[in-house]
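Biologist: Please take a close look at one part of this model, the empty space enclosed by its atoms, and tell me what surrounds it.

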Amino acid sequence: MSNPPDAEIQALLDDLWKRHLPSLVERLDLLERAAAEAASGAISEAMRAEAQSVAHKLAGNLGMFGHPQAGEIAGQIELTLKAPTPETLAGLVPVVARLRQSLDGHL
Amino acid sequence: MRRILIIDDEDDIREVAALSLEATAGWKTVTASSGAEGIKLAMAERPDAILMDVMMPGVDGPTTFRTMQENPAIANIPVLLLTAKVQGVDKRRFADLGVAGILFKPFDPLTLAEQIAEALHWKDDAPSVSSQTPSVRSSS
């Protein structure tokens, strides 16, 4: 296959990343609200389901933008929200914090 | 030039996949954000292959695939399902559907075209790959 320079493709990906940043920030904010609610033991089913869906989307797309570690953390959050226990839900806040930290400098 | 239909409810996935296939392989892409829209586009465009997300709101990828199989006009178009690794995919279940292959998200934009070509045995199909200048299309 004929490949243009990787740098050229990376520049196009960077542009897409910037265009999708507002949506990403909204998703991180939602995960933080969900984690806080989960930690307080008062997360609603609707919020849990929405946060699981958001984590699933992040798990699928962060790696493709060159953030595989963040994608892995989002995958962990998805799994926690998919099969929640009081213990795992209580520990969600630091995991979501790690997700945001892993994207430091890119938001 | 190969033409690929990308069906995914996620804007960024559609856009990155389209950018990737056009920039690295020179393939033409069309995109749809739902299974229903994808079926319409498959009928209109008759692409060489379809790259489709498994988990979509409303009608999911496997259900869309089964609907396509019932339509003789598009039943022969190879379909690759795209799914997240975290789902612990049962490859056998998808293979039993009759799809041409399964690709995983997150994918590497630099190698997505190669993965598709390999899955569809297009590796040595030189005319399928052009050296045109990369372009970025907006997703639908």
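**Around the largest cavity**

Modeller: With six residues, α1(A) is the element that gives the most to the lining of the largest cavity, helices here being DSSP runs of H or I of at least four residues and strands runs of E of at least two, numbered from the N terminus. The model is a predicted one, in which local features need pLDDT of at least 70 and side-chain atom pairs count only at pLDDT 80 or more, while totals for chains, interfaces and linings use all residues. Residues are numbered from 1 along each chain as its sequence is written, chains are lettered from A and ligands numbered from 1 in the order in which they are written, and side-chain values use heavy atoms, without hydrogens or water.

A cavity is a set of points, on a 1 Å grid over the protein atoms alone, where a 1.4 Å probe fits but cannot get out; a pocket is an open set with protein on both sides within 12 Å along at least five of seven lines, and lining residues have an atom within 4 Å of a point. Grid points are joined across faces, edges and corners, and a volume is the space filled by probe spheres set on the points.

On that basis there are two cavities of 30 Å³ or more, and the largest has a volume of about 80 Å³. Its lining consists of W17(A), H20(A), L21(A), S23(A), L24(A), R27(A), L58(A), N61(A), L62(A) and F65(A), together with D12(B) from the other chain named here. At least two lining residues come from each of α1 (6-39) and α2 (45-61) of chain A. Sorted by class, the lining holds six nonpolar, three polar and two charged residues, where Ala, Val, Leu, Ile, Met, Phe, Trp, Tyr, Cys and Pro count as nonpolar, Asp, Glu, Lys and Arg as charged, and the others, Gly among them, as polar.

One lining residue, L58(A), is also among those with the most contacts inside the largest nonpolar core, a set of 56 residues in which L31(A), I77(A), L99(A), W27(B) and I116(B) are likewise named. Such a core joins buried Ala, Val, Leu, Ile, Met, Phe, Trp, Tyr and Cys residues through side-chain atoms within 4.5 Å, and buried means under 20% relative accessible area (1.4 Å probe, protein chains only). To this core too α1(A) gives the most, with twelve residues. Another core, of 19 residues, lies apart from it and includes A32(B), I39(B), M56(B) and V99(B).

The second largest cavity encloses about 30 Å³ and is lined by R3(B), I4(B), K28(B), T29(B), V30(B), E45(B) and P47(B). Strands β1 (3-7) and β2 (28-32) of chain B each supply at least two of these residues, and β2(B) has the largest share, three residues. The classes in this lining are three nonpolar, one polar and three charged.

Turning to open space, the largest pocket has a volume of about 240 Å³. It is lined by 16 residues, with S53(A), H56(A), K57(A), D9(B) and M55(B) lying nearest its centre. The elements giving two or more residues to this lining are α2 and α3 (68-82) of chain A, and α2(A) gives the most, with five residues. By class, the pocket lining has seven charged, five polar and four nonpolar residues. Helix α2 of chain A therefore appears in the linings of both the largest cavity and the largest pocket, given how elements are assigned as DSSP runs.

Notes
Buried means under 20% relative accessible area, exposed over 50%, partly exposed in between (1.4 Å probe, protein chains only).
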